[in-house]
Amino acid sequence: MRRRLGGTTMGGRGTVPVAVSILAVLALGACGGGDGGTDPSGAETSSASPTDDPTESLTPSPTEPLLVPETETAEPASGPRLEVSDIRVNIPKGWYQTFDSVVVDSALGRVDGKSGGVLLSVVATGGDVLTPKQAEKYFWTRGRKPKGYEKQDDVLMGGLTSGYYTARDKYYDMHAATLWEDNHVTKVQVNFDLEVPDEVQQELFQSVIASYSSPRMRL
(Lines give C-alpha, C1' and ligand atoms only; values in the text may rest on other atoms or scores of the structure.)
Protein backbone atom coordinates (compact mmCIF):
# COMPACT_ATOMS: atom_id res chain seq x y z
CA MET A 1 0.00 0.00 0.00
CA ARG A 2 1.44 3.38 -1.01
CA ARG A 3 1.69 5.59 2.08
CA ARG A 4 -0.34 8.80 2.14
CA LEU A 5 1.56 11.93 1.13
CA GLY A 6 0.65 14.83 3.39
CA GLY A 7 0.21 18.33 1.98
CA THR A 8 2.78 19.94 4.26
CA THR A 9 5.47 17.23 4.47
CA MET A 10 8.92 18.28 3.43
CA GLY A 11 11.60 16.42 2.87
CA GLY A 12 11.93 4.29 -13.03
CA ARG A 13 10.80 4.06 -15.65
CA GLY A 14 12.79 6.53 -17.74
CA THR A 15 11.69 9.77 -19.36
CA VAL A 16 9.44 8.24 -22.02
CA PRO A 17 6.21 7.61 -20.03
CA VAL A 18 6.21 11.10 -18.51
CA ALA A 19 7.03 12.70 -21.85
CA VAL A 20 4.29 10.71 -23.58
CA SER A 21 1.80 11.74 -20.92
CA ILE A 22 2.71 15.40 -21.26
CA LEU A 23 2.51 15.31 -25.04
CA ALA A 24 -0.93 13.71 -24.83
CA VAL A 25 -2.12 16.41 -22.46
CA LEU A 26 -0.76 19.16 -24.68
CA ALA A 27 -2.19 17.73 -27.88
CA LEU A 28 -5.69 17.50 -26.46
CA GLY A 29 -5.49 20.76 -24.52
CA ALA A 30 -4.60 22.59 -27.69
CA CYS A 31 -7.87 21.43 -29.22
CA GLY A 32 -9.78 23.88 -27.03
CA GLY A 33 -11.79 21.62 -24.73
CA GLY A 34 -12.80 18.66 -26.93
CA ASP A 35 -14.03 15.42 -25.42
CA GLY A 36 -10.46 14.14 -25.16
CA GLY A 37 -9.50 10.73 -23.80
CA THR A 38 -7.22 8.91 -21.45
CA ASP A 39 -3.69 8.21 -22.57
CA PRO A 40 -2.00 4.90 -21.70
CA SER A 41 -0.40 6.36 -18.57
CA GLY A 42 -3.75 7.41 -17.12
CA ALA A 43 -2.93 11.13 -17.24
CA GLU A 44 -5.72 13.67 -17.45
CA THR A 45 -6.02 14.67 -21.07
CA SER A 46 -8.77 17.26 -21.40
CA SER A 47 -10.78 19.82 -19.52
CA ALA A 48 -14.18 18.78 -18.25
CA SER A 49 -16.88 21.34 -17.63
CA PRO A 50 -17.34 22.03 -13.91
CA THR A 51 -21.08 21.73 -14.47
CA ASP A 52 -20.94 18.06 -15.59
CA ASP A 53 -22.30 17.21 -12.14
CA PRO A 54 -25.83 18.69 -12.01
CA THR A 55 -25.60 18.99 -8.24
CA GLU A 56 -22.77 21.50 -8.53
CA SER A 57 -23.73 24.87 -9.94
CA LEU A 58 -21.31 27.71 -10.39
CA THR A 59 -21.11 30.16 -7.53
CA PRO A 60 -22.92 33.34 -8.63
CA SER A 61 -20.97 35.90 -6.61
CA PRO A 62 -17.33 36.81 -7.34
CA THR A 63 -15.83 35.60 -4.06
CA GLU A 64 -12.10 34.99 -3.83
CA PRO A 65 -10.39 31.95 -2.25
CA LEU A 66 -9.48 32.32 1.39
CA LEU A 67 -6.28 34.31 1.86
CA VAL A 68 -4.39 32.89 4.82
CA PRO A 69 -1.04 33.73 6.42
CA GLU A 70 1.93 32.11 4.76
CA THR A 71 3.13 29.03 6.65
CA GLU A 72 5.12 27.38 3.87
CA THR A 73 8.64 26.40 4.76
CA ALA A 74 9.63 25.07 1.36
CA GLU A 75 12.29 26.93 -0.55
CA PRO A 76 10.79 28.08 -3.88
CA ALA A 77 12.14 26.28 -6.93
CA SER A 78 14.93 28.21 -8.62
CA GLY A 79 14.80 26.78 -12.15
CA PRO A 80 13.28 28.35 -15.29
CA ARG A 81 9.88 30.02 -15.07
CA LEU A 82 6.67 28.71 -16.61
CA GLU A 83 4.03 31.37 -17.26
CA VAL A 84 0.46 31.05 -18.51
CA SER A 85 -2.02 33.97 -18.42
CA ASP A 86 0.25 35.84 -15.99
CA ILE A 87 0.28 32.89 -13.57
CA ARG A 88 3.86 31.82 -12.88
CA VAL A 89 5.72 28.95 -11.25
CA ASN A 90 9.37 27.97 -11.33
CA ILE A 91 10.51 24.44 -12.08
CA PRO A 92 13.34 22.71 -10.21
CA LYS A 93 16.87 23.79 -11.03
CA GLY A 94 18.30 21.80 -13.93
CA TRP A 95 14.89 21.01 -15.43
CA TYR A 96 13.94 22.52 -18.79
CA GLN A 97 10.80 23.82 -20.47
CA THR A 98 9.46 21.66 -23.31
CA PHE A 99 6.27 23.46 -24.36
CA ASP A 100 4.84 26.98 -24.19
CA SER A 101 1.26 27.91 -25.12
CA VAL A 102 -1.59 30.20 -24.08
CA VAL A 103 -3.19 27.51 -21.87
CA VAL A 104 -0.43 25.15 -20.76
CA ASP A 105 3.34 25.11 -20.25
CA SER A 106 5.33 21.96 -19.61
CA ALA A 107 8.79 20.96 -18.44
CA LEU A 108 10.86 17.82 -17.96
CA GLY A 109 13.79 16.96 -15.73
CA ARG A 110 15.75 14.22 -14.01
CA VAL A 111 15.79 13.21 -10.34
CA ASP A 112 18.77 11.00 -9.56
CA GLY A 113 18.54 9.51 -13.04
CA LYS A 114 14.76 9.12 -12.93
CA SER A 115 12.28 11.27 -14.83
CA GLY A 116 10.01 14.06 -13.68
CA GLY A 117 7.72 16.58 -15.31
CA VAL A 118 5.71 19.72 -14.60
CA LEU A 119 2.50 21.00 -16.19
CA LEU A 120 1.11 24.48 -15.56
CA SER A 121 -2.46 24.72 -16.87
CA VAL A 122 -4.50 27.95 -16.66
CA VAL A 123 -7.95 28.60 -18.15
CA ALA A 124 -10.13 31.73 -17.94
CA THR A 125 -13.58 30.91 -16.54
CA GLY A 126 -15.47 33.73 -18.27
CA GLY A 127 -16.75 35.35 -15.11
CA ASP A 128 -17.83 32.08 -13.47
CA VAL A 129 -16.61 31.54 -9.93
CA LEU A 130 -15.53 27.99 -9.09
CA THR A 131 -15.71 26.29 -5.72
CA PRO A 132 -12.58 24.41 -4.61
CA LYS A 133 -14.20 21.11 -5.62
CA GLN A 134 -15.08 22.46 -9.07
CA ALA A 135 -11.54 23.79 -9.51
CA GLU A 136 -10.16 20.34 -8.66
CA LYS A 137 -12.42 18.61 -11.19
CA TYR A 138 -12.01 21.16 -13.96
CA PHE A 139 -9.12 19.45 -15.74
CA TRP A 140 -10.32 15.87 -15.24
CA THR A 141 -11.27 13.82 -18.27
CA ARG A 142 -15.09 13.83 -18.45
CA GLY A 143 -15.21 14.73 -14.76
CA ARG A 144 -13.70 11.41 -13.69
CA LYS A 145 -11.05 11.10 -10.99
CA PRO A 146 -7.63 10.04 -12.27
CA LYS A 147 -6.50 6.49 -11.54
CA GLY A 148 -5.20 6.06 -8.00
CA TYR A 149 -6.73 9.35 -6.85
CA GLU A 150 -6.19 10.31 -3.20
CA LYS A 151 -7.39 13.58 -1.70
CA GLN A 152 -4.68 15.25 0.39
CA ASP A 153 -4.69 18.08 2.88
CA ASP A 154 -4.99 21.52 1.32
CA VAL A 155 -1.81 23.44 0.52
CA LEU A 156 -1.01 27.11 0.00
CA MET A 157 -0.20 28.75 -3.31
CA GLY A 158 0.46 32.45 -3.13
CA GLY A 159 -1.11 32.56 0.32
CA LEU A 160 -4.38 31.07 -0.97
CA THR A 161 -5.84 27.76 0.15
CA SER A 162 -5.53 25.32 -2.75
CA GLY A 163 -6.78 21.79 -3.27
CA TYR A 164 -4.19 19.03 -3.40
CA TYR A 165 -4.53 15.45 -4.60
CA THR A 166 -2.20 12.67 -5.65
CA ALA A 167 -2.69 9.88 -8.15
CA ARG A 168 -0.71 6.86 -9.30
CA ASP A 169 -0.70 4.54 -12.28
CA LYS A 170 1.78 1.97 -13.55
CA TYR A 171 4.11 4.65 -14.89
CA TYR A 172 4.33 7.54 -12.45
CA ASP A 173 3.18 9.35 -9.31
CA MET A 174 1.31 12.61 -9.80
CA HIS A 175 0.87 15.57 -7.45
CA ALA A 176 -1.64 18.27 -8.40
CA ALA A 177 -2.57 21.56 -6.73
CA THR A 178 -5.67 23.38 -8.01
CA LEU A 179 -6.97 26.89 -7.43
CA TRP A 180 -9.52 29.39 -8.73
CA GLU A 181 -8.34 32.98 -8.50
CA ASP A 182 -9.38 36.16 -10.29
CA ASN A 183 -11.43 34.53 -13.06
CA HIS A 184 -8.87 31.80 -13.78
CA VAL A 185 -8.65 28.15 -12.76
CA THR A 186 -5.12 26.84 -12.34
CA LYS A 187 -3.58 23.41 -11.96
CA VAL A 188 0.07 22.87 -11.07
CA GLN A 189 0.91 19.22 -11.73
CA VAL A 190 4.22 17.52 -10.97
CA ASN A 191 4.88 13.93 -12.10
CA PHE A 192 7.60 11.54 -10.99
CA ASP A 193 8.86 8.08 -11.86
CA LEU A 194 7.58 5.56 -9.32
CA GLU A 195 11.14 4.94 -8.15
CA VAL A 196 11.65 8.53 -6.97
CA PRO A 197 11.40 8.42 -3.13
CA ASP A 198 8.28 9.95 -1.57
CA GLU A 199 10.23 12.51 0.44
CA VAL A 200 12.04 13.71 -2.68
CA GLN A 201 8.75 13.98 -4.57
CA GLN A 202 7.29 16.04 -1.73
CA GLU A 203 10.28 18.35 -1.52
CA LEU A 204 10.25 19.10 -5.25
CA PHE A 205 6.46 19.45 -5.46
CA GLN A 206 6.41 21.82 -2.49
CA SER A 207 9.21 23.89 -4.02
CA VAL A 208 7.26 24.31 -7.27
CA ILE A 209 4.02 25.44 -5.63
CA ALA A 210 6.00 27.69 -3.25
CA SER A 211 7.17 29.61 -6.34
CA TYR A 212 3.55 30.35 -7.45
CA SER A 213 2.94 33.97 -8.42
CA SER A 214 -0.18 35.72 -9.74
CA PRO A 215 -0.92 39.32 -10.80
CA ARG A 216 -2.54 39.93 -7.38
CA MET A 217 0.80 39.29 -5.73
CA ARG A 218 2.67 41.69 -8.03
CA LEU A 219 0.47 44.77 -7.55
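Biologist: What do the side chains of Glu83 and Arg88 meet in?

Modeller: Side chains of opposite charge can pair when their charged atoms come close. Here Glu83 and Arg88 meet in a salt bridge, at 3.4 Å from N to O, the term being reserved for a side-chain nitrogen of Lys or Arg within 4 Å of a carboxyl oxygen of Asp or Glu. This is a predicted model, in which local features need pLDDT of at least 70 and side-chain atom pairs count only at pLDDT 80 or more, whereas totals for chains, interfaces and linings use all residues. Residues are numbered from 1 along each chain as its sequence is written, and side-chain values use heavy atoms, with hydrogens and water left out.

Biologist: How many salt bridges does this rule give, and which residues are linked in a network?

Modeller: The count comes to 6 salt bridges, and Glu136, Lys151 and Asp154 are linked in a network of them. Within it, the closest N and O atoms of Lys151 and Asp154 are 3.8 Å apart.

Biologist: Is Glu181, which pairs with Arg216, buried or exposed?

Modeller: Relative accessible area, computed with a 1.4 Å probe on protein chains only, settles such a question: under 20% is buried, over 50% exposed, and in between partly exposed. Glu181 is buried at 5%, whereas Arg216 is partly exposed at 32%. Their salt bridge has an N to O distance of 2.5 Å. Glu181 lies in strand S8 (residues 172-181) and Arg216 in the segment after helix H3 (198-210), so the pair ties together parts that are 35 residues apart in sequence. Helices (H or I, at least four residues) and strands (E, at least two) are DSSP runs, numbered from the N terminus.

Biologist: How many aromatic pairs does a search of the whole structure find?

Modeller: Rings of Phe, Tyr and Trp (its six-membered ring) pair if their centres lie within 6.5 Å, and planes under 30 degrees apart count as stacked, over 60 as edge-to-face and the rest as tilted. The search finds 6 aromatic pairs. For Trp95 and Phe192 the ring centres are 6.5 Å apart and the planes at 70 degrees, so this pair is edge-to-face. Trp95 sits in the loop between S2 and strand S3 (96-100) and Phe192 in strand S9 (residues 184-193), so the pair ties together parts 97 residues apart in sequence. Trp95 is buried at 5% relative accessible area, as is Phe192 at 0%.

Biologist: Which residues form one aromatic cluster?

Modeller: Trp140, Tyr149 and Tyr165 form one aromatic cluster.
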